[in-house]
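Here are my notes on the fold, written as numbered points so you can follow along in your viewer. Have the sequence open too.

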Amino acid sequence: MNENYQRKTDAVLASFGGEKKTLLLQVCCGPCGSYVLEYLTKYFEITALYYNPNTQPEAEYEKRGRWLREVLAHYPSVKLADCLYDGESFEKVSKGLESEPEGGVRCTRCFEMRLRETARRAREGGFDFFCTTLSVSPYKNAGRLNDIGEHLAAEYGVKWLPSDFKKRGGYQRSVELSKSWGLYRQEYCGCLCSLAEAAEKKKTKENPKT
């Protein structure tokens, strides 16, 4: 039976009794952050962590960072922790896994890398919780993300916010906000492997075999 992470989120938020907690939220891009921030700013004082070494090339990383700042302009209470580009960290964890399909072992290691840094910074910064926007995507496995988050919470001593932000129309709302705000919506997850895979899928769709 699949876990209902939205119910777990509800239970955590209900336990606050109206008091806002602090949250370090790893944000992959502006569109994913748009809805998640709309949802969570009601319950948390949030710092958005833009840590995504998987985003390639560096120009794409900078572009997504600029659009994230456009989104944050709609949420003035949210602070931004912007990180310098660190593509070498992703290359280390993904080495030898270039041929893995999207959603495979390479992605798991990428999730773990980004969430580990988030947990580390959350502990150093004294945050009550840490989390990621990644589960808002219909292409991301919420169970895998939550398993990683819970493991790191135990390791670093910081609470993980269980979540599946695509639920209750979360993904659809992110699309609506993106269109309303004129946001750039990238066509691939981040790494060059995912870019190549997305390009191949697009080519196949445009030129199906007869």
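**Notes on the sheet and its surroundings**

1. Start with the sheet. Five strands make an open sheet, ordered β3-β2-β1-β4-β5, and the pairing is parallel. The edges belong to β3 and β5 (159–160), each of which has a single partner strand, so one side of each is left without a neighbour in the sheet. Helix α2 packs on this sheet and touches β1 and β2, with its direction at about 175° to that of β1. Keep in mind that this is a predicted model.

2. Now the β1 and β2 pair. Strand β1 (residues 21–26) runs parallel to β2, and six bridges join the two. If you want a place to begin checking the register, Lys21 sits opposite Phe44 in β2. The connection goes through a helix: β1, α2 (residues 30–40) and β2 form a right-handed β-α-β unit.

3. How much of β2 is buried? Six of the seven residues in β2 (residues 44–50) are, so to speak, out of sight: the strand is mostly covered. On its other pairing, β2 is joined by four bridges to β3 (residues 79–82), again running parallel. There, Leu49 stands opposite Ala81 in β3. A second right-handed β-α-β unit is made of β2, helix α3 (residues 58–72) and β3.

4. Next, the β4 part of the sheet. β1 and β4 run parallel and are joined by four bridges, with Cys131 in β4 as the bridge partner of Leu25. From β4 (residues 129–132), Phe129 and Cys131 point one way while Phe130 and Thr132 point the other way, and all are buried. That fits the usual pattern: in a regular strand, side chains alternate between the two faces of the sheet. β4 also pairs with β5 in the parallel sense, over two bridges, and Phe129 has Lys159 in β5 as its bridge partner.

5. Which way do α2 and α7 lie relative to each other, parallel or perpendicular? Their packing angle is about 115°, and their axes are 8 Å apart. Angles of 65 to 115 degrees count as roughly perpendicular, and therefore α2 and α7 are put in that class. The crossing of α2 past α7 is right-handed. If you want to inspect the contact, look at Pro31, Ser34, Tyr35 and Glu38 in α2; they meet Gly170, Arg173, Ser174, Leu177, Ser178 and Trp181 in α7 (residues 170–181).

6. Last, a residue I'd zoom in on: Tyr51, in the loop between β2 and α3. Is Tyr51 buried or exposed? The relative accessible area of Tyr51 is 9%, and the cut-off for buried is under 20%, so Tyr51 counts as buried. Leaving out neighbours within four places in sequence, Tyr51 is in contact with Gln26, Cys83, Asp86, Ser89, Met113, Arg114 and Glu117. Cys28 is another residue to display with this group: its C-alpha atom and that of Tyr51 are separated by 7.4 Å, although the two are 23 residues apart along the chain.

Key
Residues are numbered from 1 along each chain as its sequence is written. This is a predicted model: local features need pLDDT of at least 70, side-chain atom pairs count only at pLDDT 80 or more; totals for chains, interfaces and linings use all residues. Side-chain values use heavy atoms; hydrogens and water are left out. Buried means under 20% relative accessible area, exposed over 50%, partly exposed in between (1.4 Å probe, protein chains only). Two strands pair if DSSP finds at least two bridges between them. A crossover is right-handed if, with the strands pointing away from the viewer, the path from the first strand over the helix to the second runs clockwise. Axes are lines fitted to C-alpha atoms, for helices over the stretch in contact, and angles run from 0 to 180 degrees between N-to-C directions. Angles under 35 degrees count as roughly parallel, over 145 as roughly antiparallel, 65 to 115 as roughly perpendicular and the rest as oblique. A crossing is left-handed if the near helix is turned anticlockwise from the far one by less than a right angle, and right-handed if clockwise. Contact means heavy atoms within 4.5 Å.
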